[in-house]
Structure formats: structure tokens, C-alpha cells
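Subject: Structure for you to look at

Dear colleague,

I am passing on the structure we discussed, with the sequence alongside. Please open it before reading further.

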Amino acid sequence: MNNRRSILSTKVPEVITQHQEFRNGVSLNSVSPVQNESNREENSAAQSTSLNDRTGQAAHGETQRNCETQKEPFLVAKLIAKKPYITFGVTLGMHISMIVISIILYFSGYDILPINFDSIPINLQSSSVYLKQEAWKHRDKDSILYDRVDGGANVTERSAKYDRLSIQFMYEKTNGNVFTADCLRAIREFEDDLYNDPVYRSEFCHLNKHDKCEKPFSIIRLFDGTYSPIFNDTNFEHIPEVLYMADRHPLTRRQFQFFLGKDSIVNGSASSTISSITRSLFFFGYPLKGFHTLRDESRVQYNKVGDHIIQTYAKKWAELSKTGLSGMKFMYMNQIIYWHLINSQVKYDMLFIICSFAFIFLFMWFQTGSLWLSVWGMLNILFSFVSGNFIYNVILDFKYIGILHVLSIFILLGVGADDVFIFCDAWKLTQDNQGDLAQRLSRCYGRAAGTMFVTSVTTAAAFFINSGSPILAMSSFGTFAGVTVIVNYMSIILFYPSVVVVWHLKWEHTGCCCKSSRDNPKRDVKSCNSRLQDTIIRFLSNSYFRFLSSRVVRVGIICIFTGLVSTLIFFTTTLVPDDQQPRVMKKSHNIEQFQDKNLNAFRPSGEDKVIKLYIVWGIKPQDQSMCHPRRFNESCTGSTVWDNSFDMNPPPAQAAILEFCRTLRQAPKELTSKLGIRRDIVSDVPEVRCFIERIDKFLRRETSNTSADLSLPTTEMKMRKFMQANSNLYNMSDVSDNFYRFFETAYSYWISNKYSGRLTTEDEIYQTYIGESLDSRDSADIIGRKGVKFGTRLRYAMVATNLTFGISGTFFEDGLGYYNNWEGFLTNETKSMPPSVQQPFHATNFAWQWFHIQKALVQQGIVSVVAGVAVAWVILVLSSGNVIVGTMATLTIASVTVCVVGLIPLVGWKLGVLEALNMSLVVGLSVDYAVHLGVAYTYAPFTDRKRRVRHALGEIGLSVISGALTTLGSGLFMMFAEIIFFMQFGIFIFATIGFSIVFSMTIFLVALSLIGPQGNMGATAPILRAVKYKFIGRKQNDVTCEQCQGQGFHSNVLRESTVIDKETTDL
């Protein structure tokens, strides 16, 4: 009995080994067309295998083949094989139903396609910096505010400058001088032609205080008598003298700097008065005829001016930008033209997107050899896009589709085409197996579904990592891309198999390029491209495998790989955040040339558009709780939250803010440098706009003109006396004994220019700095000015200062340093102020948020790469069932990522918005090829490294190359686009896929052939089994119970006792 037990124990390992080989193995005859070829052309590793080993493997393959034939097919495979046309119709109907539902939702008013291509939502919507910015930007949208302009002080037609639409012209003579008589005459002629346009003069020009069209702000004004008699040289005979005087005269010095390039020299000498570039501003006025203010149908006024600019000037200026103006380079820009040029270019660049689609379709047609398979393969990808959008929009409740989401279809095309190739190749590789259609389809599923699942899950996981980003552009894109990849996988395993089976039943046995062979079904017709594919497969598993097996080649690959990765790792360490705003076009485009010149080619001047910082009282951060957190809806600005404690009537409050303004204006250079406050180029005084200083100056001037004392701080006694003295304005019967709003009464007298009905430039500026609402107790009408009120309540007030730095040219670390300095300064200055003015905040229109966005983008880029690689490692280890293979594949992916990131500084880019967004794609795009080869290596029907590598090449090599070529082709077309984002997207795709396919087919395979696991080395099954046993409390010597009464396992002693009893019974 002991002998029999020892025999049993020696047979158990043998059975287990055979079972493991059966699980890991795949029939030699069903692996690929190259397996038959391998019997004739063995590589060096195979030749070393003994005849007995080969005979045993063949017998094992035949045994497995019979087992596979007898194995029950998958339920889905049985269903499709039994009812192929019905399953095709049902699954196609499910896709069509999603399209129909989406169309119904669209026409019923549901926002199923929330498309917005105008901008990219990169705001940090939950940050206090953003909410303060929004509170300031949208302060005037609250209905409780009293509009003093609409209240009666109407702005006359076109009396205010429409700064948003001012056109700037630049004239440059490279390595020359634009301050010559010929150049200045050409500039004057060009600008006079625009200025004298009758439509412009009658409908759009800015009217000065004499109701005359204001001339362009140009260097020509120094010569045409505008500043006569000081400057008057209409024939340009004394150019150096005029310019020298303008540089010295206090009336013109500040403005004159606007016209001078950085390289300019102005010293009164004809030979030394030089500038290679100058610029002009061309103005439009508002409100237009028929409107009362800019707010009165502002979009209508904007479009009216825009239509005039585009229809009258756009084509002419575009031609001038190419030909030049009298030997000078001509550039131009304003907001309308900017968007017109971009929209025109987007339409042109869309042609490259269409070319990418066409290339992928044609390649898929060539690869599959079937128009039917290719058409439905492409439609399957588009179906996935529609279904993915339904899940993304309706279920996950994301309400934004931007340019990133449209470009994500390229990712889906690459992943989808790869899946189509995998499934079609698996179908072809099962054509020689025995069994019926259901068994063949089941074997096809067994080959393809697992591999596609691994790549799809890994790619989707890499994208889903971005879902946690605080930036909507990245979180929505990551979610959308991840969802569509998963939906594509579900479609490819449920819908596409029925497509393949229908093709098999109707067309597989007829060739499009070769003669039909229905009379010879055993031949099973190989089309021309099929024979080419077989040739490629034989090349990969024979010639290419021998090439990789060469010691010289291996050493060369390792050295090249090490050198390349080391070099790009070094460049990765040199990557720095971009200190410029994202470029839209290539550097050669008029838009980018203009922006570059405007930022870098001119001297600082009083006319420069600089960052303004606002210190705001009376408002709290914006409440955007009613805005959809996953919708990019610029119309949802939230609601203003008023600081009801804000009150300027107490004299200490007025004194505190007045002293705060004086602190800023008298700040020493050390403080202005720390805070980045700009100093006037003439007076060297900090550039500060303070409403209370202006009020104080105005009231002091009025005090000298009247008998009333109006100087700050305002008091009841002062203001009552003033109001009584101006009985033509104030009805004192409306002023009760409890009247409180005396500061506001003084303020309204100043801001409305004494209720004259016409605002000065200063009035226009400060009306945007202060807001007021009606007071139910104190507000009353000015006599003779219906609707014009006094005694209002001051809701907010602001002090502004210009900053020395800009959004472009400032690294976010430096910008955040300025931000923190202002935080500290404001806290320190306001802590001793009276409670009614103790809670201001500082904000900019965008700069503060931009620096925080840059920081978030850099962090998200790093997180996307690191977390993506980490998640990929977990999935690859679990899916491959081998720690070593999973780790080697992950290292390959990490190498690809490092190389792509290292290219950014190598090509002269920095880590900006576009680069950070594209970096989030790298891991998701680079996983496929190493995963495919790694999985094929792990489940090869061999135990040694070399034959496993050769099997992987023959099994999956063609599909890997085909998938890479489709994505490379789509990226290649996008690289020719003018829009920077399209072009960079194409480069990132091309570089990522290029590195991925090259590394996977070289260094990864070389590493597997040298140090890849053999047999069960590195298998995760024992590790997972040990974890499971630890969790359920199973000991090492316990055995599985055959009749366990629910226990599941028991000790080995009990098993031996049971075996002995059974043997005794048998005897």
C-alpha cells in the first residue's frame, strides 16, 4: 500500500505539470502560419531541441488541439454562430438606437452635444483665487446695482473708446529704420486711407470732445500739426529734431515711448535717430448710433463693428501682410481679426483630420482585405464615440465637449483599429482548426478578447487618472477618453464578431484580388494581401527573430537604447514651466509674429496694456454653487456675495483707505519691487488709481470754488451745508433728519461730473471702479434729472495699480511669489483698519489664476505620468500572470514616457498648457505594443525564452505593427497643421507611438530573450494563491476537500487517512 501511495505521489506532479502546460500552451498548429514554416526553417534555438522533444511537443499540440475542439464554446460564440444575421442586426440595432436616442435628446432640447470650441476651460473653478477673480469681473451683473449711466447721465454717440476693438498696426524694417521720410509717408498714406473711409467716419470712429473723429494714435501725429506749434513737420524734413523734442517734452514723452522699438536711438542726430519698428492704434467709438451705452445690446454692437472690419479690411490687410508696405513688414491685430484668422485656419486644418480618417480606413481595408470588415470597423469606432458620449453626458453628467474631445477620436481610432487587427488576425489564425463555426469563434475569442481587454483597460486607466484633475479640460477629457475606450472594447467583442461571421459566411471564401476558389474549399482562398501578411509573419518569426538573436545586434540595441534614454532623461531634467501664454499658430503666422513683437520689440510706455491688480472692498468671493461643476458654461457666472459690513461713511474708514492709497503711492522702490508695482516712466511714481484720492482732490477744488467745505472726511454738517447751497440739484425736503448717505452724496456729485450729462475720460474709468445701489430710505432724485439719484448706498469700491510683470514672460513660481507678497502686504495693512473696511481682497483679471493654473498643470502632468505607469504595472502584472514580464513591459512604457517628455525641451518647448495636456496622453498611448508582446510571450506553448519570443513575433507581431502604422499615419497628417495644438497633438502621437513600437520590437524583445522568465518563473498564480490562502486561513499542508461538507479544505493527514481507507476497501 505504501508503494502504491508513493506511485500516486510521483504521478501527481506530472499531472499538474501537464495541466499547467495545457493551460499556458496554445496549439502549435493553431498559433500562426509560421508554425508550419518553422518545421522547415528552424532557428538556432529550435535546432538545439532534440527530436524526441519536438515529437513530444507535436503530440502535446495535437492533444491540445483535440481538447480545444471538444471544449464547449462560449455562450456568446454559440449564439453568434447559430444566429449570425440576427445577432448582427440586434447589436447593430443597439448602436443605431443610441444614435436615435441622441438625436431625439438633441431636438428635444437636451444638451447632448455641449460643444464649445472657442476656448479651453482651464479655470480652477473651486479655488478662492478664481472665485475672487469672478467676483470682480461680474460685479455689475447683480440687479440691485444702480447704473448711473442708465439712470440719466447718457453717454453721447461714440464718445467712449471701444478698447476691445482698437486695431494695432506694426511697421517693421528689419535691420533698417522706419523713421525715414519715405516710410513715414507710406504710413501716413495708409492710415489716412482708413481714417477717411466714409463709413468708418459716419458710423464707427471715436468722437472727441469736439465731436470730431479722433485720428489714429500714431507717430504721424508728431508731424501733422496735432501738437502744433510745438510739433509741425508735414513734409518730414526735420525728423530727428522732431523725435528728439518728443522724447524730451513732458507733453509727449510718456506717449512717445509707445512708438519706439527696443533698439531705437533718439538723440537729435540724423544718423542716430533710428528704430527698426513702430506701431499705431486705430480707434472705434461706442455706443454706436441708436444705442445708449456699451451694455445696450453689447453683442449687437460688437458684431456690427466686427462685420465692418472683416468685410472692409480683412482681405486687404492679409495681402499687405504678405507683400509689405513700401518695403516695410506689415502686421495687424485686434480681437475681431484674431478670431477671424483662427476660425479660418481651423477650417483649413480640418482637412488634415479628414486625411487622417481616410488613411486609417484605407490601411484597415488593406490589412483586413475586406471592404465589409473595414467599413464596419470604422463605423464601430464612430458608434463607440456616440455611445461613449451618451454615458459621459447623460450618466456621468459631463456637459462639455471641446477640441480635446474631438481630437480624442484619433486615440479611439488607434485603439479601435488595433482591436480590429487583433480580432481579424485571431480569426485567420484559427481557420485551420477542426470543429464547427461556434468552436472557431470561441477559440478566436480566447485569443483576442483577453489581449484586447488588457490593452483597453490599461489605456482607459491611464486616461481615467486625469479625471481627478481640478481643471475641467483635463478631467472631462480623461473621463471621455477612458469611457470611449471601454465602450469600444465592449463593442468589439459583442458587435464586431457578428460582422466577421457574416463576412465569413458570405465573402471569406472569395478574394478581391485573386481568383475565387469556391471549388477548392480546402485552400480557403488567400487573397493577395493575405499572402503578403503571411510573408511578413514568416519574416518576423524567422529572419527578424534571427536578427534579434545575433549577439552583435543585441549589444548594439542595448547600447543605442541606453544612450538614447540617458540623453532624453537628461533633457527631461531641463524641462521648465512655460513663462509664455499658449501660442495658437506657428511662429511664422501673422498672429504669432504680432504677439511676439508686441511683447518683446518695444520699449515700455504709458500706453502698454499691463496687468492691473485690484484691491476690492464690499465684495466676497463669487457664489457659483448654482453652476454645473462639469459644464463649461461661460454664461453661468454665479451670484455676487455682498459684504454688508462695508461702509465708507464713518470718517475713520475714509481716512484709513486714503492712508492706504498714500502708502501705495509713496511706497519705496524696495516695496514696489517686492509687490511688482509699476512706476511711471516720467515721474517715477508708483502707478496707482485710487478713487478716494480723486474724490478728495475734486472736493478740495470745489471747496475753493464755493463757500462750503467739502474736504474729506465727509460729515453730515459739511454735506448738509453743501446741499443747501446747491438747491438747484437737491430738494432738501427729501433729506430727512435720519439721512445717512453723505459720503455717497459727495461721491455721486464727483462721478457724474456735477450732473452735467457728459462724462469725462476720468469719469468713464472710475465708474467701473465703484458700484452703488439704491437706498430705500435715503435715495432721491436730482432736481431736473429724472432717474438720476443721490443718497445711494456704496456697494463696492476698488483701488487699482499697474504691475511690472505680465502673464507672458513670468514663470509661475515668480508669479506666485508676487501673489503671496500681496497676500501678506494686504493682511498687514488692513488689520488695523476700522471693521467696515477691514475685509478687502486683491484680484486680477486673469494673472493670479494663470500662475495657479500653471502650477496645477505641472503637477497634473507629473501625476498623469507617474500614476499612469504605476497603474499600468499593476494591470500588466495581473493580466500577464507574470511579475517579471509585467515589470519589463512597464519599464518599456516608462522609457517611452521619458523619451517623449525629454523631446519637449529638446525641440525648444517648455511645459505649458498644451504640453501638459498632451503629456496626459503619453502613458495611455504607449501601453499597447509592449502589452501585446508580453502577453503573447507569457502564454506561449513553450518554456524557454527564445521560442517564446519567436512565438510572440509570429503570433502578434503583424497586429502590433499594423496598429502602430495606423496611429502613426493619423499623427503624421496632423503635424502639418498651422494650429499649434493640432500640430503638437500630431507630434506627441507620432513620437509616442514611434518610440513605443520601436522599443517594444527591439529592446523589450531583446530583454525577454536574455532575462525573460522561463517555465513558471515569476508567475503570479502562486503569489495570489498564497494571499488567498492567508485570507481564508488555509495552511500550507492543507488540501482541497472533495466532499467537504462546506469546509473547502482540510489537513493533509485527513486526506491520507481517506486514501488509505479507500485503498483498503478496493483491496
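Below are my notes, grouped by element.

This is a predicted model, and everything that follows should be read with that in mind.

A three-stranded sheet

Three strands make up an open sheet, in the order β3-β2-β5, with antiparallel pairing. The edge positions are taken by β3 (277–282) and β5 (329–333); each has a single partner strand, so one side of each has no neighbour in the sheet. On average, neighbouring strands here are turned by 20° against each other, direction ignored. Between β2 (residues 167–172) and β5 the antiparallel pairing runs over five bridges. One place to find this pairing is Gln-168, whose bridge partner in β5 is Met-333.

Two helices go with this sheet. Helix α13 (residues 298–323) packs on it and touches β2 and β5. The direction of α13 makes about 150° with that of β5. Helix α22 (residues 590–600) lies across β2, β3 and β5, and runs at about 90° to β5.

Helix α8

How much of helix α8 (residues 128–137) is buried? Eight of its ten residues are, so the helix is largely enclosed by the rest of the structure. The buried residues are Val-129, Tyr-130, Leu-131, Lys-132, Gln-133, Glu-134, Ala-135 and Trp-136. The list includes Lys-132 and Glu-134, which count as buried because their relative accessible area is under 20%. As for what encloses the helix, the buried residues of α8 pack against the strands β6 (612–617), β7 (619–623), β13 (793–802) and β14 (841–843), and against the helices α29 (812–830) and α30 (847–880).

Asp-247 and helix α11

Asp-247 sits in helix α11 (residues 239–248). Its relative accessibility is 9%, so Asp-247 counts as buried. The side chain of Asp-247 makes a polar contact with the side chain of Arg-248, at 2.7 Å. Leaving out residues up to four places away in sequence, Asp-247 touches Arg-253, Phe-256, Gln-257, Val-266 and Arg-603.

Backbone points to check

There are two cis peptide bonds to look at. One joins Tyr-286 and Pro-287, with omega about -5°; Pro-287 lies in the loop between β4 (285–286) and α13, the helix that packs on the sheet described above. The other runs from Leu-712 to Pro-713, with omega near -5°. Pro-713 is placed in the loop between α25 (691–705) and α26 (716–725).

Positive phi values in residues other than glycine also deserve a line. Phe-236 has phi near 55° and is in the loop between α10 (198–204) and α11, the helix that holds Asp-247. With a relative accessible area of 5%, Phe-236 is buried. Asp-397 has phi near 65° and belongs to the loop between α15 (371–395) and α16 (403–429). Is Asp-397 buried or exposed? At 25% relative accessibility, Asp-397 counts as partly exposed.

Regards

Methods
Residues numbered from 1 in each chain as written. Predicted model: local features only at pLDDT ≥ 70, side-chain atom pairs only at ≥ 80, totals over all residues. Heavy atoms only, no water. Helix = DSSP H or I, 4+ residues; strand = E, 2+ residues; numbered from the N terminus. Buried < 20%, exposed > 50% of the residue type's maximum accessible area, 1.4 Å probe, protein only. Polar contact = N/O pair within 3.5 Å; in protein donor to acceptor, adjacent residues only side chain to side chain. Contact = heavy atoms within 4.5 Å. Pairing = 2+ DSSP bridges. Axes fitted to C-alpha atoms, helices over the stretch in contact; angles between N-to-C directions.
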